[in-house]
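Hi there,

Here is the structure I promised to pass on. Have a look at it first, and then read on for what turned up.

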Amino acid sequence: MNILDMTAVGLAAAIKNKEVTVRQATEAVLAQIEEKEAAFHCYVTVDKEGALLQAEEVQKKIDAGELDGPLAGVPVAIKDNMCTAGMLTTCSSKILGNFIPTFSSEAVLNLQRAGAVILGKTNMDEFAMGSTTETSAYGVTKNPWNPEHVPGGSSGGSAAAVAANECFYALGSDTGGSIRQPASFCGVVGLKPTYGRVSRYGLIAYGSSLDQIGPLCKDVTDCAAIMEIIATHDTKDSTSVEQADTDFTSALVDDVKGMRIGIPRDYFGEGLDPEVKDAVLKAAKVLKEKGAVVEEFDLSLVEYAIPTYYTIAAAEASSNLERFDGIKYGYRTEEYEGLHNMYKKSRSEGFGAEVKRRIMLGSFVLSSGYYDAYYLKALRVKALIKKAFDEAFAKYDVILGPVAPTTAPKLGQSLSDPIKMYLGDIYTISVNLAGLPGLSMPCGMDAKGLPIGLQLIGDCFNEKKLIQTAYTYEKARGAFSRKEDK
């Protein structure tokens with residue numbers, strides 16, 4: 001079997017059995033990056049020399065019996081908003097074009113402790129603001145299934161890299177769907193964990209109450225193995241939760257008998273592409289045939305999710321991004337007159353249009369006279385959305401629906417209409433507002449040959465139910481690849 005076609009867990013097993021060396025795996029994936037990167041542009045930074053050095057170090061530890069985890073020796077890509085010591089970390093923005101952190105984010109450190117080989121940093125929407133990876137200051141990432149289409153965003157580089165075999169798995173971050181939607185568009189598996197499950201230390205913040213790091217990978221088994229490594233309690237992150245039950249691989253069970261699955265009627269109304277609807281409902285039927293109890297229900301407040309999300313996220317973004325002022329680190333304008341002029345010019349030249357739009361929106365909703373009317377009201381609606389999900393999870397183990405209303409749009413289509421781009425997040429953002437876990441996996445293809453994603457949503461800290469449901473569906477569905485006759 002070709003090394004590049006292996007799953008992350010499969011490759012680690014082959015390394016352990018001495019069928020493949022860590023260096024061979026790293027060289028194979030670096031050669032793939034060299035061949036495909038011009039077409040897809042998944043990375044901002046590729047650390048070829050560093051990856052080969054890491055490969056040698058990791059191999060020594062595996063040979064000495066110091067590393068025997070399920071992902072030891074497997075090359076990984078990291079989204080470019082997670083700090084990595086000594087490696088350029090830009091958030092795909094001009095304003096951080098020269099930023100090399102002196103420390104690594106906790107999620108990255110956890111992977112390194114488990115024997116991961118870090119290949120480089122993947123392209124993304126600037127500061128994670130966007131749904132297409134077209135707002136990056138370093139150029140557009142293209143969908144490996146069809147380069148005329150977007151890979152989704154903001155973790156589009158990570159999802160595309162997995163789909164193009166330019167890494168074996170990747171880390172992304174999800175503020176309103178930024179792991180699940182690109183996973184859907186690129187035909188890979190993506191999990192947004194419960195808020196507080198994975199440390200946000202070292203993740204450059206967009207919306208601090210919404211952001212969460214998670215895996216993008218080839219199958220559900222990889223997803224469970226990665227989660228076991230990155231889901232740790234971290235005293236450096238005040239929102240990190242103490243956890244006992246993190247043996248996610250124990251949920252890889254082909255069984256949904258008696259499991260209660262709810263399908264929100266509100267997710268299947270106007271605006272949903274008929275092909276997406278059919279594929280998602282077909283997946284629900286598969287789970288029903290496997291013994292799950294599947295029924296429709298009303299999940300209220302869906303129409304309020306988008307204005308609530310963009311009010312809260314923009315407010316937090318305007319606050320988080322005020323630190324980028326050209327003084328301490330990052331881009332500084334060359335010509336300026338006085339301190340205030342330097343702030344103004346550095347930020348005007350350093351930030352892209354979408355980031356500026358959200359900073360202005362956030363500053364507006366937080367301003368005196370509008371704070372109560374917009375921001376406080378949004379926080380109240382957020383609490384109501386959480387309550388609606390609590391009521392749903394009193395009845396159901398898992399909620400099933402689409403990830404996005406359509407498959408991947410063509411490049412350039414979304415940016416011309418920002419509101420349309422925001423509406424594309426309608427099925428994913430409620431999950432972040434309520435702090436819930438959500439998983440995206442491929443469930444079919446449309447007539448254009450583009451992947452369709454199925455979304456499974458669980459109650460807080462119930463990732464294991466999602467993994468079990470996803471694994472059962474994956475076993476029934478069989479392998480998913482573009483070679484298949486769909």
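Below are some notes on the cysteines, a surface patch and one helix.

Please keep in mind that this is a predicted model.

Let me start with the cysteines. How many disulfides does the structure hold? The count is zero. For Cys 42, the closest cysteine sulfur belongs to Cys 167 and lies 7.9 Å away, so the two are too far apart for a bond. Cys 223 is not in a disulfide either: the nearest cysteine sulfur, that of Cys 217, is 4.5 Å from its own. Since a disulfide needs two cysteine sulfur atoms within 2.5 Å, that separation does not qualify. As for their surroundings, Cys 42 is buried, with a relative accessibility of 0%, and Cys 223 is buried as well, its relative accessible area being 0%.

Now to the surface. Leu 361, Phe 364, Tyr 370 and Tyr 374 make a nonpolar patch of about 360 Å². One of these residues, Tyr 374, sits in helix H12, which covers residues 371–395. Is Tyr 374 buried or partly exposed? Its relative accessibility is 38%, so Tyr 374 counts as partly exposed.

Helix H12 also contains Glu 391. With a relative accessible area of 47%, Glu 391 is partly exposed. You may like to look at Glu 391 together with Thr 194: they are 197 residues apart along the chain, and their C-alpha atoms are separated by 18 Å.

Happy browsing, and do write back with any questions.

Best wishes

Methods. Residues are numbered from 1 along each chain as its sequence is written. This is a predicted model: local features need pLDDT of at least 70, side-chain atom pairs count only at pLDDT 80 or more; totals for chains, interfaces and linings use all residues. Side-chain values use heavy atoms; hydrogens and water are left out. Buried means under 20% relative accessible area, exposed over 50%, partly exposed in between (1.4 Å probe, protein chains only). Patches are made of residues with over 30% relative accessible area and no salt bridge: like charges are joined within 9 Å, nonpolar side chains (Val, Leu, Ile, Met, Phe, Trp, Tyr) within 5 Å. Accessible areas come from the Shrake-Rupley method with a 1.4 Å probe; for residues, only the protein chains shown count as cover. A salt bridge is a side-chain nitrogen of Lys or Arg within 4 Å of a carboxyl oxygen of Asp or Glu. Helices (H or I, at least four residues) and strands (E, at least two) are DSSP runs, numbered from the N terminus.
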